[in-house]
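Subject: Structure handover and notes

Dear colleague,

I am handing over the structure below, together with notes on what was found in it. Please read the notes with the model open beside them.

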Amino acid sequence: MVHLVAADRVSFKTPNMFFNEGLANALLEHVDGVHVHAVAKWYRARGKLPAIAEMTGAADFYAFLRAHPGLDTYDIAASWFRFLIDA
C-alpha cells in the first residue's frame, strides 16, 4: 500500500524511485530483523555509503541498483527516510 501512495504522491514528482522505495522500507523500520539505520551505518563505517545525490541523481533507480549489486540501496534509502520521519 505504501508503494501505491508513494508512487501517486511522491515518486512521480521526483527523478527516480529512491523516494518511493525508501519510504516503503522506512515504514517497515526493520528488514529481516535488522533496523534500517544499521544498514546505512554499516556502509558508512566502511566508507562505502554513497552520497544521497548519487543515489537520487540517476534517472533510473533500478539501473543504479544493477550497477551496484553489492549495495543495499533500498535500506540505505529507508534509513534516510526513517531519519526524516523520526525527526
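A residue is called buried when its relative accessible area is under 20%, exposed when that area is over 50%, and partly exposed in between. By that rule Tyr-62, with a relative accessible area of 28%, is partly exposed. Please keep in mind throughout that this is a predicted model.

To begin with the overall layout, the protein holds 6 helices and 2 strands, and along the sequence these elements follow the pattern α-α-β-β-α-α-α-α. Of its 87 residues, 36% count as buried. Among the contacts with a separation of 6 or more, 64% are accounted for by residues 24 or more positions apart.

The helix I would look at next is α6, which covers residues 73–86. It has 14 residues and reaches 20 Å from its first C-alpha to its last, close to the 20 Å expected at 1.5 Å a residue. Its buried residues are Thr-73, Asp-75, Ile-76, Ala-77, Ala-78, Ser-79, Phe-81 and Arg-82, and the elements against which the buried residues of α6 pack are the helices α2, α3, α4 and α5 together with the strands β1 and β2.

Two residues of this helix can be described in a little more detail. Ser-79, which is found in α6, has a relative accessible area of 9% and is therefore buried; leaving aside neighbours within four places in sequence, Ser-79 is in contact with Val-36, His-37 and Ala-40. Ile-85 also lies in α6, but at 38% relative accessibility Ile-85 counts as partly exposed. Not counting residues up to four places away in sequence, Ile-85 touches Leu-23, Ala-26 and Leu-27, and the C-alpha atoms of Ile-85 and Leu-23 are 9.2 Å apart in space although the two residues are 62 apart in sequence.

Turning to the interior, the largest nonpolar core has 15 residues, and those with the most contacts inside it are Phe-18, Tyr-43, Met-55, Leu-71, Ile-76 and Phe-81. The helices α2, α3, α5 and α6 each supply at least two residues of this core, with α6 giving the most, namely 4 residues. For Phe-18, the contacts beyond four places in sequence are with Ile-52, Met-55, Thr-56, Phe-61, Ala-77, Trp-80 and Phe-81.

Phe-18 is also one of the buried residues of α2, the others being Phe-19, Asn-20, Glu-21, Gly-22, Ala-24, Asn-25 and Ala-26. Because 8 of the 11 residues of α2 are buried, this helix is largely enclosed by the rest of the structure. A contact to α2 also appears in the surroundings of Tyr-62, a residue of helix α5: not counting residues up to four places away in sequence, Tyr-62 touches Met-17, Glu-21 and Tyr-74. The C-alpha atoms of Tyr-62 and Asn-16 are separated by 8.6 Å, with their positions 46 residues apart along the chain.

For the backbone, two residues deserve a look. Most residues other than glycine have a negative phi. Glu-29, however, has a positive phi of about 70 degrees although it is not a glycine; Glu-29 lies in the loop between α2 and β1 and, at 28% relative accessibility, counts as partly exposed. Asp-32, likewise not a glycine, has a positive phi near 55 degrees. Asp-32 is placed in the loop between β1 and β2, and with a relative accessible area of 78% it is exposed.

Finally, there is the largest pocket, in which about 170 Å³ of space lies. Which residues line the largest pocket? They are Ala-40, Lys-41, Arg-44, Leu-49, Pro-50, Ile-52, Ile-76, Ser-79 and Trp-80. By class, this lining has 6 nonpolar, 1 polar and 2 charged residues, and the helices α3 and α6 each supply at least two residues of it. Two of the lining residues have come up above in connection with α6: Ile-76 is among those with the most contacts inside the largest nonpolar core, and Ser-79 is buried, with a relative accessible area of 9%.

With kind regards

Key:
Residues are numbered from 1 along each chain as its sequence is written. This is a predicted model: local features need pLDDT of at least 70, side-chain atom pairs count only at pLDDT 80 or more; totals for chains, interfaces and linings use all residues. Side-chain values use heavy atoms; hydrogens and water are left out. On a 1 Å grid over the protein atoms alone, a cavity is a set of points where a 1.4 Å probe fits but cannot get out, and a pocket is an open set with protein on both sides within 12 Å along at least five of seven lines; lining residues have an atom within 4 Å of a point. Grid points are joined across faces, edges and corners, and a volume is the space filled by probe spheres set on the points. Ala, Val, Leu, Ile, Met, Phe, Trp, Tyr, Cys and Pro count as nonpolar, Asp, Glu, Lys and Arg as charged, and the others, Gly among them, as polar. The expected span of a helix is 1.5 Å times one less than its number of residues. Buried means under 20% relative accessible area, exposed over 50%, partly exposed in between (1.4 Å probe, protein chains only). Contact means heavy atoms within 4.5 Å. A nonpolar core is a set of buried Ala, Val, Leu, Ile, Met, Phe, Trp, Tyr and Cys residues joined through side-chain atoms within 4.5 Å.
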